[in-house]
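Here is a walk through one protein model, taken in the order of its open and closed spaces and then its helix packing. Please keep the structure in view while reading.

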Amino acid sequence: MLVSLLAPRLILSGGGAVSKVAEVLAQFGLSRPLVVTDPWMASSGTVDRCLAPLREVGILPGVFSETVPDPTDAVVEAGVKAFKGGDYDCLIGFGGGSPMDTAKAMAILAAAPEGTHIRAYKVPAQANQGAVPVICIPTTAGTGSEATRFTVITDTANDEKMLIAGLGALPLAAIVDHQLTWTVPPRTVADTGIDSLTHALEAFVSQRANPFSDDFARIAMRLIAPNLRRAYADASDSGGKRDEEAREAMMRGATLAGLAFSNASVALVHGMSRPIGAHFHVPHGLSNAMLLPAVTRFGLNAALPRYAEAARIMGLAKEGEGDQSAAVRLVEELEALNRELNVPTPAAYGIEAARWDGLLETMAAQALASGSPANNPRVPDAAEIVALYREAYA
């Protein structure tokens, strides 16, 4: 079996790692960054955690802070205009998945012929060229974008979240500092944490799994499973002592899960999740959480040994327990996580039933077109995806 392993050239991980951002740039001969972030990071001063170390050594970074929660083609185009308006030799994506994905898409589009729309790089196209390197600094333990060859951008003309994949989206380096997650609110900790668990589980059961992705996924699940509730409790307790052990484990697990799915691809949960985000503006991790129990149950018997092993890795089943029983425990745990982390159903989130039902066929078609459902252990047709959307709704 030939395996092509893709990863950033450098991953710097640990508490306070963001203070070394200038040193990371220097290792690659870079000195003129454009920092891509979001309005809250800029207005709250959180982005100064990245800017200050650069300024201390005489680097004067530009800042593009117009990113939005679901990155759009319009924002990417505005970012490319800002990039081309300065003399920059790299992009730094600082924030959650949205700023990092925006920075990746900016690099890809900036390398394209003038007038190209980012949809030209939608899967199955390969986006292998970037105008400049991208360095990613995540502030949430979830998306894993700092370690992947993917970016997801909304095509506003078609209300479609486009999966874009290729070497042009692979960061040159990642700086993974769990201390940046300490100000993240509980809802975001929960959603991004379930997102990272979904990455690891889907990579592990993906039809494109390989020995390298399996190793990353196993370690990620082993880190995330016992620490997700702890991190959520830590975020909910603003006055207590920080649970640094849980936060570090979640951040490391999220990056490893990113490496896992970058090299094995995600599957049906993500394929179905993107249309929910595009049409109803549900945060990505939350839409994954809404779907994860039902989609896992759907595929269970098609990859029973894999799902059972995942349950054992996560500490949900004993080594001697049969596969069927262990796999059932996994689904029960995913349902329990949703209850305990207050994950709403689409109905409870406020999505109207008539609008949901009216978009089911469109969402199913968009899910299939993304290619991700084809990686699932049990590959669905459009009717089965519609049925799963209906099951998840209430």
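Ala, Val, Leu, Ile, Met, Phe, Trp, Tyr, Cys and Pro count here as nonpolar, Asp, Glu, Lys and Arg as charged, and the others, Gly among them, as polar. The model is a predicted one. By these classes, the lining of the second largest cavity has six nonpolar, two polar and one charged residues. Those residues are Leu201, Glu202, Val205, Val269, Leu292, Val295, Thr296, Tyr307 and Asn376. The space they enclose is about 50 Å³. Helices H6 and H11 each give two or more residues to this lining.

The structure holds three cavities of 30 Å³ or more, and the largest of them has a volume of about 80 Å³. Around the largest cavity stand Thr140, Ala141, Thr181, Val184, Val189, Thr192, Ala231, Arg247 and Met250. H6 appears again here, together with helix H9 (244-264), as an element that gives two or more residues to the lining. The class count for the largest cavity is five nonpolar, three polar and one charged.

Next comes the open space. The largest pocket holds about 970 Å³ and is lined by 41 residues, with Pro69, Gly96, Gly97, Ser98 and Thr143 nearest its centre. Elements that give two or more residues to this lining include helix H5 (97-110), strands E6 (150-155) and E7 (160-165), and helix H11 (284-299). H6 gives the most, with five residues. The pocket lining divides into 16 nonpolar, 18 polar and seven charged residues.

H11 also packs against another helix. Its partner is H13 (residues 323-340); the angle between the two is about 165° and their axes lie 9 Å apart. Angles over 145 degrees count as roughly antiparallel, so H11 is roughly antiparallel to H13. The crossing of these two helices is left-handed. On the H11 side the contact involves Ala289, Leu292, Pro293, Thr296 and Arg297, which meet Leu330, Val331, Leu334, Glu335 and Asn338 in H13. These residues divide into six nonpolar, two polar and two charged. Leu292 and Thr296 also line the second largest cavity.

A second pair is formed by H7 (residues 211-224) and H12 (residues 304-313), which pack at an angle of about 45° with axes 9 Å apart. That angle makes H7 oblique to H12. Asp214, Arg218, Met221 and Arg222 of H7 make the contact with Arg306, Glu309, Ala310 and Ile313 of H12. By class, this contact has three nonpolar, no polar and five charged residues.

Terms used
Residues numbered from 1 in each chain as written. Predicted model: local features only at pLDDT ≥ 70, side-chain atom pairs only at ≥ 80, totals over all residues. Heavy atoms only, no water. 1 Å grid on protein atoms, 1.4 Å probe; cavity = no way out; pocket = protein on both sides within 12 Å on 5 of 7 lines; lining within 4 Å. Points joined across faces, edges and corners; volume = space filled by probe spheres on them. Helix = DSSP H or I, 4+ residues; strand = E, 2+ residues; numbered from the N terminus. Axes fitted to C-alpha atoms, helices over the stretch in contact; angles between N-to-C directions. Parallel < 35°, antiparallel > 145°, perpendicular 65-115°, else oblique. Left-handed = near helix turned anticlockwise from the far one by under 90°. Contact = heavy atoms within 4.5 Å.
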